[in-house]
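User: I'd like to learn how to read charge pairs and backbone oddities in a model. Can you take me through one?

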Amino acid sequence: MARQLTRVGLGKHVCFIHGSFEEQISAFAPYVRMGLERGERCVYWLDEHGPEVVRAALGAQGVDVARALARRALMLTNAREVFLRRVPFVPEDLVAMLAQMEAETLAAGFSGLRLTGESTWMLGSHASAEQYIHLEALLNRFFPGSRTMCLCQFNRHRFPAELIHDVLRTHPVAIIEDEVHDNLIYEWPELVLGEASARRRVEWMVAQLKRERETDRKLVELGMKLAEQVEENARLYEESRAAVRMRDEFLSVASHELKTPLTPLRLKLQGLRREVETGEAEVVPRERVVRAVQGAEQQLRKLTVLVDALLDVSRLTQGRLALTWEDLDLTEVVREVAERFAQQAAKAGCALEVEAERPVVGRWDRLRLEQVVTNLLSNALKYGAGRPVHVTVEAEPERAVLVVHDEGIGIEPEHLERIFGKFERAVSGRHYGGLGLGLYITRQIVQALGGDIEVRSEPGRGATFRVVLPRRREGDAG
Ligand code: ADP
């Protein structure tokens with residue numbers, strides 16, 4: 001209820017039709033508490049119950065009643081003294097009195113005037129039901145835009161149905177069975193006061209029909225938005241869980257990968273030291289030193305590659321991949337990189353076939369292009385060991401096409417798209433080392449160069465990676 005009540009603020013005129021004392025408390029107590037919290041002056045017009053009942057109900061809400069009363073932030077007043085003091089009953093006078101009260105309240109430093117009361121004072125009084133309804137209609141001209149609001153309480157067991165009917169016609173907001181309703185059967189003051197022409201009545205009816213329609217539409221829209229939101233939240237939750245899982249896996253893979261070259265590196269250096277310290281000969285033969293240092297360098301290169309990949313990823317994540325554009329020959333780049341791989345290919349038992357004859361010139365970044373070729377080649381040798389690896393470079397008028405094909409383990413269809421993601425791998429770390437970053441970095445570079453990369457593969461039947469690069473930089477003239 002308290003949450004629902006936050007929907008009604010200053011300027012509102014609310015009827016609250018309740019059936020029991022508990023129900024009555026459940027709305028007026030949070031209503032008053034909320035007003036006190038907002039720095040409004042709260043006035044309670046007592047009639048059905050005595051002040052002690054209201055004090056207890058507010059106390060149970062955690063309100064310091066004595067203090068609120070002392071500050072005159074809370075005022076408990078006898079409704080009959082307010083409304084029935086004057087005979088005859090003149091609704092216009094009562095509205096003027098409220099305006100006066102509002103002015104005093106604001107002058108006393110309160111942010112607004114929050115009224116509520118038990119409406120039983122009118123039962124059996126000199127005020128007729130017509131006059132009472134007249135008053136409610138006038139209030140609907142007073143409240144909107146004012147710093148005053150009112151929650152009129154009606155015990156439905158005490159009032160005749162005719163009166164409740166009129167109450168519903170004269171309150172734009174209705175609380176019924178702890179629900180706050182935008183009152184669709186609320187009538188404009190001029191209708192209630194009998195000032196409206198037939199035409200205005202028709203206008204009102206049409207407006208109500210439209211409002212109802214609009215409410216329906218809004219509800220459907222809201223429902224759809226909620227459903228979307230729920231779906232989106234579920235997706236985000238799943239995504240973040242997957243990301244956390246992936247990060248944990250990555251940390252264990254990365255530390256393992258970084259450690260792998262360290263062991264042979266340490267062994268090489270230890271061996272060399274031992275030989276220098278304890279060897280018989282005064283001088284260690286040059287080729288032994290060279291071999292040990294070469295071995296160490298090889299491991300250092302591996303470490304450098306790993307650390308570079310990690311750095312690239314952090315740069316990419318921060319969107320800081322700077323490119324140096326220049327005119328290059330892709331054929332030449334591929335040939336150079338392939339040459340560097342000659343030894344590794346031989347070791348993997350792969351015949352490295354490069355089909356790139358004519359220069360294919362375009363505007364790219366040399367180091368990044370080398371990185372693309374390097375990543376694709378090292379994967380082909382790793383996952384296609386023992387079988388030939390085929391590389392081709394082709395020129396199209398506007399684009400260059402690089403294809404790296406191996407005949408290795410291949411990739412399951414469900415992993416084909418995923419492997420381009422950060423840290424994504426489709427093999428077990430026990431069989432193949434790797435950080436799962438090569439293809440991620442490769443795709444990012446290719447896309448930064450304005451191109452695209454795709455893969456075709458079947459499990460057990462090798463993989464073909466195809467990179468297409470525009471030869472001219474987008475926006476370059478000519
Ligand atoms: P890494 O090789 O370090 O795992 P990559 O990003 O280079 O990381 O590759 C991601 C995954 O894609 C690999 O783990 C592997 O499952 C798969 N993959 C990449 N290249 C090939 C290939 N040529 N053949 C089969 N699978 C491959």
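Analyst: Sure, let's start with a charge pair: the side chains of Arg 199 and Glu 203 meet in a salt bridge, at 3.9 Å from N to O. Keep in mind that this is a predicted model.

User: What is the general idea behind such a pair, and how far apart in helix α10 are Arg 199 and Glu 203?

Analyst: Side chains of opposite charge can pair when their charged atoms come close. Here, both residues sit in helix α10 (residues 198–278), 4 residues apart, so about one helical turn separates them. Arg 199 is exposed, with 64% relative accessible area, while Glu 203 is partly exposed at 33%.

User: Which residue forms a salt bridge with Arg 443?

Analyst: That's Glu 417, and the closest N and O atoms are 2.9 Å apart. This pair links distant parts of the chain, 26 residues apart: Glu 417 is in the loop between β12 (399–406) and α15 (438–448), and Arg 443 is in helix α15. Glu 417 counts as exposed because its relative accessibility is 51%, and the cut-off is over 50%. Arg 443, at 14%, counts as buried.

User: What does the salt bridge between Asp 47 and Arg 80 tie together?

Analyst: Their side chains meet at 2.6 Å, N to O. Asp 47 lies in the loop between β2 (41–46) and α3 (51–60) and Arg 80 in helix α5, so the pair ties together parts that are 33 residues apart in sequence. Arg 80 is partly exposed, at 34%.

User: Which residues are linked in a network of salt bridges?

Analyst: Asp 166, Arg 169, Glu 187 and Arg 201 are. The count for the model comes to 32 salt bridges.

User: Now the backbone. Which residues other than glycine have a positive phi?

Analyst: Most residues other than glycine have a negative phi, and most peptide bonds are trans. Among the positive cases here, Arg 72 has phi near 60° and Glu 177 has phi near 50°. Arg 72 is in the loop between α4 (65–70) and β3 (74–78) and is partly exposed, at 47%. Glu 177 is in the loop between β6 (173–176) and β7 (179–182), and is exposed at 55%.

User: And the peptide bond from Val 87 to Pro 88: cis or trans?

Analyst: Cis, with omega near -5°. Pro 88 is found in the loop between α5 (79–83) and α6 (91–107).

Technical notes
Residues are numbered from 1 along each chain as its sequence is written. This is a predicted model: local features need pLDDT of at least 70, side-chain atom pairs count only at pLDDT 80 or more; totals for chains, interfaces and linings use all residues. Side-chain values use heavy atoms; hydrogens and water are left out. Helices (H or I, at least four residues) and strands (E, at least two) are DSSP runs, numbered from the N terminus. Buried means under 20% relative accessible area, exposed over 50%, partly exposed in between (1.4 Å probe, protein chains only). A salt bridge is a side-chain nitrogen of Lys or Arg within 4 Å of a carboxyl oxygen of Asp or Glu.
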